[in-house]
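Colleague: I would like to learn how to read a model like this one, feature by feature. Could you take me through it slowly?

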Amino acid sequence: MREISKSMAKAAADEVTYIYLITDTAKGATLNSGARRKEFNNVNALVRKEGGQCRLYSTRGSSCDFVSIITGVSPAAAIRIAEGIDSTGSVKARLVSALEIF
């Protein structure tokens, strides 16, 4: 049986980071900056309501338009946040969970 190192045990005890790969839909591609900012603020409010923290990165030119990194939420809250992001209709979010390993 494989032995678990102390660093691996520590990582298992750390909190999960949720990564949302977000792409614009046809509706989202036509939004003005004011409407876009309002959607971002609504998502940030949802994350804070769930007790988490959020960092949003613009990744224009890559396979997704935005990457959102959210920490401090439960798995159920992460799913609710993904549904909240998708409910706008202007973007589609893909949820990935991760543990820091180094």
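**Reading a helix, a core and charged pairs**

Modeller: On one side of helix H3, Arg37, Lys38, Arg48 and Lys49 are exposed; please keep in mind throughout that this is a predicted model.

Colleague: Which residues of H3 are buried, then?

Modeller: The general idea is that an α-helix has 3.6 residues a turn, so residues three or four places apart point the same way. In H3 the buried residues are Arg36, Glu39, Val43 and Val47. Seen down the axis of H3, these buried residues fall within an arc of 80°, so they line one face of the helix.

Colleague: What do the buried residues of H3 pack against?

Modeller: They pack against strand E1, helix H2 (26-29), strand E2 (53-58), strand E3, helix H4 and strand E4.

Colleague: How should I judge the length of H3, and what happens at its two ends?

Modeller: At 1.5 Å a residue, the 17 residues of H3 should span 24 Å, and its end C-alpha atoms are 24 Å apart, which agrees. At the N-terminal end, Asn32 caps H3, with a side-chain oxygen lying 3.1 Å from the backbone nitrogen of Gly34. After the helix comes Gly51, whose phi is positive, near 90°.

Colleague: Is Phe40 buried, exposed or partly exposed?

Modeller: Phe40 belongs to helix H3 and has 26% relative accessibility, so it counts as partly exposed, because buried means under 20% and exposed over 50%. Leaving aside its neighbours within four places in sequence, Phe40 is in contact with Leu56 and Phe66. Phe40 and Ile85 are 45 residues apart in sequence, while their C-alpha atoms are 8.9 Å apart in space.

Colleague: How many residues does the largest nonpolar core have, and which of them have the most contacts inside it?

Modeller: The largest nonpolar core has 15 residues, and those with the most contacts inside it are Tyr20, Ile22, Ile70, Val73, Ile81 and Ile85. At least two of its residues are supplied by each of strand E1 (17-24), helix H3 (33-49), strand E3 (66-71), helix H4 (75-86) and strand E4 (91-98). The largest share, five residues, comes from H4. For a single residue, take Ile81, which touches Tyr20, Leu46, Val47, Glu50, Ile70 and Val73 when residues up to four places away in sequence are not counted.

Colleague: How do I read the charged pairs, and how many salt bridges are there?

Modeller: Side chains of opposite charge can pair when their charged atoms come close. Here the count comes to five salt bridges. In one of them, the side chains of Arg36 and Asp24 meet at 2.8 Å, N to O. This pair links distant parts of the chain, with Arg36 in helix H3 and Asp24 in strand E1, twelve residues apart. Arg36 and Asp24 are both buried, and they are linked with Arg60 and Asp65 in a network of salt bridges.

Colleague: Which residue meets Arg80 in a salt bridge?

Modeller: The side chain of Arg80 meets that of Glu50, at 2.9 Å from N to O. Arg80 lies in helix H4 and Glu50 in the loop between H3 and E2, so the pair ties together parts that are 30 residues apart in sequence. Arg80 is partly exposed, with a relative accessible area of 39%, and Glu50 is partly exposed as well, at 22%.

Colleague: Which residue forms a salt bridge with Lys92?

Modeller: That residue is Asp86, and the closest N and O atoms of the pair are 3.4 Å apart. Lys92 is partly exposed, with a relative accessible area of 48%, and Asp86, at 24% relative accessibility, also counts as partly exposed.

Definitions and conventions. Residues numbered from 1 in each chain as written. Predicted model: local features only at pLDDT ≥ 70, side-chain atom pairs only at ≥ 80, totals over all residues. Heavy atoms only, no water. Core = buried A, V, L, I, M, F, W, Y, C linked by side-chain atoms within 4.5 Å. Buried < 20%, exposed > 50% of the residue type's maximum accessible area, 1.4 Å probe, protein only. Helix = DSSP H or I, 4+ residues; strand = E, 2+ residues; numbered from the N terminus. Contact = heavy atoms within 4.5 Å. Expected span 1.5 Å × (residues − 1). Arc of directions from axis to C-beta. Polar contact = N/O pair within 3.5 Å; in protein donor to acceptor, adjacent residues only side chain to side chain. Salt bridge = Lys/Arg side-chain N within 4 Å of Asp/Glu carboxyl O.
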